[in-house]
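Okay everyone, thanks for coming. Let's put the structure up and walk through it together.

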Amino acid sequence: LMYSGIAGAQDDQPKISPITFNLAKDLLITLRYSEFSAFRSFHTGLPHKDAEADSRDAVFLSLLDEITDRYSDLLEQATLRLDRVSLKIFQHQLKADLEFEITEVGKLGDLGSKLRESLHSLHRLLLFVEQDLIGSERERAHLNVLQKDTQGLIDQAAFLMNQVNFVLDATLGRISIEQNKTIKIFSVVAVKFQKQTLLKRI
């Protein structure tokens, strides 16, 4: 089983990287090409999950839980960052660094698109697992919750992207307004000096 995970988001350098799950008879083997924070936190908390993770499938689903929680955290952090940018733009703060803000919006747009792509990949994985791998009633119920959570996160990522586009348009509009103000100042100055030149010639 393979899906496209997202790595490097904590360093503002998100990238899509494949993760392979090999469900052997009694083992779960993962093959990863990048460092994923969800795996680190899962390994750290594994001793406290002994009672729950009593089978290969239970461990697999617990790991998917950790991955889903990580997506939720990333979306929440991205939403808060976007809210801060939006607040600066719509409050017309005089000292707002518009170049920084538009860079921030661009980063959030990149993160949001990668999150959405990765979540769709995870959702397809869950659908496949439901059909072919998970057998017990308890684990099927767990899988059903994961599918609903993932679908909710996909909707949240889509909403984030809509907000990113809205704030980007607002930021570009603010930049255009500031540029127009500058052009008006230069126009007034140019007309003033032009009048003085004409008077001197007369």
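So, β2 and β3 make a hairpin, with four residues between the two strands. Keep in mind that this is a predicted model. The two strands run antiparallel, paired over five bridges. If you want one bridge to look for, Ile19 has Arg32 in β3 as its partner.

Now go to α1. Which of its residues are buried? They are Ser37, Ala38, Phe39, Phe42 and Gly45. And what covers them? The cover includes β2, β3 and α2, so our hairpin strands turn up here again.

Next, the inside. The largest nonpolar core counts 42 residues. Strands β1 and β2 each give two or more residues to this core, and so do helices α1, α2, α3 and α4. The largest share is from α2, with twelve residues. Among the residues with the most contacts inside the core are Tyr3, Phe21 and Tyr71. Try clicking on Tyr71: leaving out residues up to four places away in sequence, Tyr71 touches Tyr3, Ser4, Gly5 and Ile6, then Leu115, Ser118, Leu119 and Leu122, and also Leu153.

Last stop, empty space. How many cavities of 30 Å³ or more does a search of the whole structure find? One. The volume of the largest cavity is about 140 Å³. Its lining has 16 residues, and Ile6, Phe36, Ser37, Ala38 and Arg70 lie nearest the centre. The elements giving two or more residues to that lining are β1, α1 and α2. Sorted by class, the lining has eleven nonpolar residues, four polar and one charged.

Note on methods
Residues numbered from 1 in each chain as written. Predicted model: local features only at pLDDT ≥ 70, side-chain atom pairs only at ≥ 80, totals over all residues. Heavy atoms only, no water. Core = buried A, V, L, I, M, F, W, Y, C linked by side-chain atoms within 4.5 Å. Buried < 20%, exposed > 50% of the residue type's maximum accessible area, 1.4 Å probe, protein only. Contact = heavy atoms within 4.5 Å. Pairing = 2+ DSSP bridges. 1 Å grid on protein atoms, 1.4 Å probe; cavity = no way out; pocket = protein on both sides within 12 Å on 5 of 7 lines; lining within 4 Å. Points joined across faces, edges and corners; volume = space filled by probe spheres on them. Nonpolar A, V, L, I, M, F, W, Y, C, P; charged D, E, K, R; others polar.
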